[in-house]
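Please walk through the structure shown below. The paragraphs that follow take one residue as the starting point and then widen the view.

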Amino acid sequence: MIYVTGERLQPHQVRVAAFDTRWRGLDPDQVHAYLNQLADELDRLRRELTTANSEAERIRQALRQWQSRHTGCRNTDPDWSLNNRWRP
């Protein structure tokens with residue numbers, strides 16, 4: 001199996017991985033079961049990453065909209081910060 005540095009490993013690459021057979025080698029059924037489990041985990045993580053990226057973009061857009069709506073809402077009273085500060 002060839003893995004080029006810089007490329008992300010895809011689930012289908014794990015599923016189709018092939019290894020040389022050797023005398024007294026690993027159990028092929030166990031290897032393939034593990035590779036399938038790994039591929040499923042990669043699939044799940046990729047979906048979660050896509051969901052997280054979509055949510056982050058939605059939040060960024062909402063923040064931009066909120067900022068553009070409230071651009072002129074700054075307090076212009078110079079004494080406001082002195083009179084309305086938090087006091088313990």
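**From one helix position to the whole chain**

Ala39 sits in helix α2. The model is a predicted one, and the values below are computed from it. Is Ala39 buried or exposed? Its relative accessible area is 0%, and the cut-off for a buried residue is under 20%, so Ala39 counts as buried. Beyond its neighbours within four places in sequence, Ala39 is in contact with Pro11, Val14 and Arg15. A further pairing in space involves Gln10: the C-alpha atoms of Ala39 and Gln10 are 7.8 Å apart, while 29 residues separate the two in sequence.

Gln10 turns up again beside another residue of helix α2, Arg46. Once residues up to four places away in sequence are set aside, Arg46 touches Leu9, Gln10 and Pro11. The C-alpha distance between Arg46 and Gln10 is 9.2 Å, at a separation of 36 residues along the chain. Pro11 is therefore a contact of Ala39 as well as of Arg46, although the two differ in cover: Ala39 is buried at 0%, whereas Arg46 is partly exposed, with a relative accessible area of 31%.

Ala39 also belongs to the largest nonpolar core. Which residues make up this core? There are five: Val14, Ala17, Val31, Leu35 and Ala39. Helix α2, which spans residues 28–69, supplies the largest share of this core, with three residues. Val14, a core member, is one of the contacts of Ala39 listed above. Another core member, Val31, is in contact with Phe19 and Leu26, leaving aside its neighbours within four places in sequence.

Val31, Phe19 and Leu26 lead on to the largest pocket, for they are among the residues that line it. The lining also includes Ala17, Ala18, Asp20, Thr21, Arg22, Gly25, Asp27, Pro28 and His32. Sorted by class, the lining holds six nonpolar, three polar and three charged residues. The space in this pocket is about 270 Å³. Ala17 and Val31 are listed both in the core and in the pocket lining.

The next residue to look at is Arg24, which lies in the loop between α1 (11–15) and α2. Arg24 has a positive phi of about 65°, although it is not a glycine. Is Arg24 buried or exposed? Its relative accessible area is 70%, and exposed means over 50%, so Arg24 is exposed.

These local details can now be placed in the chain as a whole. How many helices and strands does the chain have? Its secondary structure consists of three helices and zero strands, and the order along the sequence is α-α-α. Of the 88 residues in the chain, 7% are buried. The exposed area of the chain is about 8400 Å², and carbon and sulfur atoms account for 54% of that area.

Terms used: Residues are numbered from 1 along each chain as its sequence is written. This is a predicted model: local features need pLDDT of at least 70, side-chain atom pairs count only at pLDDT 80 or more; totals for chains, interfaces and linings use all residues. Side-chain values use heavy atoms; hydrogens and water are left out. Helices (H or I, at least four residues) and strands (E, at least two) are DSSP runs, numbered from the N terminus. Buried means under 20% relative accessible area, exposed over 50%, partly exposed in between (1.4 Å probe, protein chains only). Accessible areas come from the Shrake-Rupley method with a 1.4 Å probe; for residues, only the protein chains shown count as cover. On a 1 Å grid over the protein atoms alone, a cavity is a set of points where a 1.4 Å probe fits but cannot get out, and a pocket is an open set with protein on both sides within 12 Å along at least five of seven lines; lining residues have an atom within 4 Å of a point. Grid points are joined across faces, edges and corners, and a volume is the space filled by probe spheres set on the points. Ala, Val, Leu, Ile, Met, Phe, Trp, Tyr, Cys and Pro count as nonpolar, Asp, Glu, Lys and Arg as charged, and the others, Gly among them, as polar. A nonpolar core is a set of buried Ala, Val, Leu, Ile, Met, Phe, Trp, Tyr and Cys residues joined through side-chain atoms within 4.5 Å. Contact means heavy atoms within 4.5 Å.
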